[in-house]
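I opened a new page to record what I looked up in this structure, going from the whole chain down to single residues.

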Amino acid sequence: MEMLTSVQVAAALGVSRDTVLLLIKEGELHSEQLRSRSPHRIPKDELLAFAQRRHLTLRLDAIGGDQ
């Protein structure tokens with residue numbers, strides 16, 4: 001399963017990292033954390049499902065190289 005950082009997801013959505021963190025906090029976008037203060041990791045499949053639910057076009061080219 002390919003995992004993305006909140007920065008990568010923000011780039012793909014064309015929003016700020018803070019917006020991604022707000023979406024996670026509100027339960028709109030699911031993420032995983034190893035510990036409570038560790039960075040959020042968002043499964044790529046979750047990002048694709050979120051974009052489909054919201055009828056959004058993703059900029060996957062903005063994510064960058066291999067994860």
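The entries below start with the overall fold and end with two residues at a helix contact.

**Entry 1, overall make-up.** I noted at the outset that I am working from a predicted model. I looked up the secondary structure and found three helices and two strands, and reading from the N terminus I wrote down the order of elements as β-α-α-β-α.

**Entry 2, dimensions.** I asked what radius of gyration a compact globule with 67 residues would have. The expected value is near 11 Å and the protein has 11 Å, so the two agree. I also took down the extent of the C-alpha trace, which spans about 30 × 25 × 20 Å along its principal axes.

**Entry 3, surface and contacts.** The exposed area of the protein comes to about 4,700 Å², and I noted that carbon and sulfur atoms supply 48% of it. Buried residues account for 31% of the 67 residues. For contacts between residues at least 6 apart in sequence, I recorded that 51% join residues at least 24 apart.

**Entry 4, helices α1 and α2.** I then turned to the pair formed by helix α1, residues 6–13, and helix α2, residues 17–25, whose axes come within 8 Å and cross at roughly 105°. Angles of 65 to 115 degrees count as roughly perpendicular, and therefore α1 is roughly perpendicular to α2. Which residues make the contact? On the α1 side I listed S6, V7, V9, A10 and L13, and on the α2 side R17, V20, L21 and L23. Sorted by class, the contact of α1 with α2 has seven nonpolar residues, one polar and one charged.

**Entry 5, S6.** I chose S6, which lies in helix α1, and asked whether S6 is buried or exposed. Its relative accessibility is 5%, and because buried means under 20%, S6 counts as buried. Setting aside residues up to four places away in sequence, I found that S6 touches R17, V20, L21, H40 and I42.

**Entry 6, L21.** From the other helix I picked L21, which is placed in α2. L21 has a relative accessible area of 23% and is therefore partly exposed, whereas S6, at 5%, is buried. Beyond its neighbours within four places in sequence, L21 is in contact with S6 and H40, and I noted that H40 also appears among the residues touched by S6. Finally, I looked up the separation of L21 from L47, 26 residues apart along the chain, and wrote down 13 Å between their C-alpha atoms.

Notes: Residues are numbered from 1 along each chain as its sequence is written. This is a predicted model: local features need pLDDT of at least 70, side-chain atom pairs count only at pLDDT 80 or more; totals for chains, interfaces and linings use all residues. Side-chain values use heavy atoms; hydrogens and water are left out. Axes are lines fitted to C-alpha atoms, for helices over the stretch in contact, and angles run from 0 to 180 degrees between N-to-C directions. Angles under 35 degrees count as roughly parallel, over 145 as roughly antiparallel, 65 to 115 as roughly perpendicular and the rest as oblique. Contact means heavy atoms within 4.5 Å. Ala, Val, Leu, Ile, Met, Phe, Trp, Tyr, Cys and Pro count as nonpolar, Asp, Glu, Lys and Arg as charged, and the others, Gly among them, as polar. Buried means under 20% relative accessible area, exposed over 50%, partly exposed in between (1.4 Å probe, protein chains only). The radius of gyration is taken over C-alpha atoms; the globule rule is 2.2 Å times the number of residues to the power 0.38. Accessible areas come from the Shrake-Rupley method with a 1.4 Å probe; for residues, only the protein chains shown count as cover.
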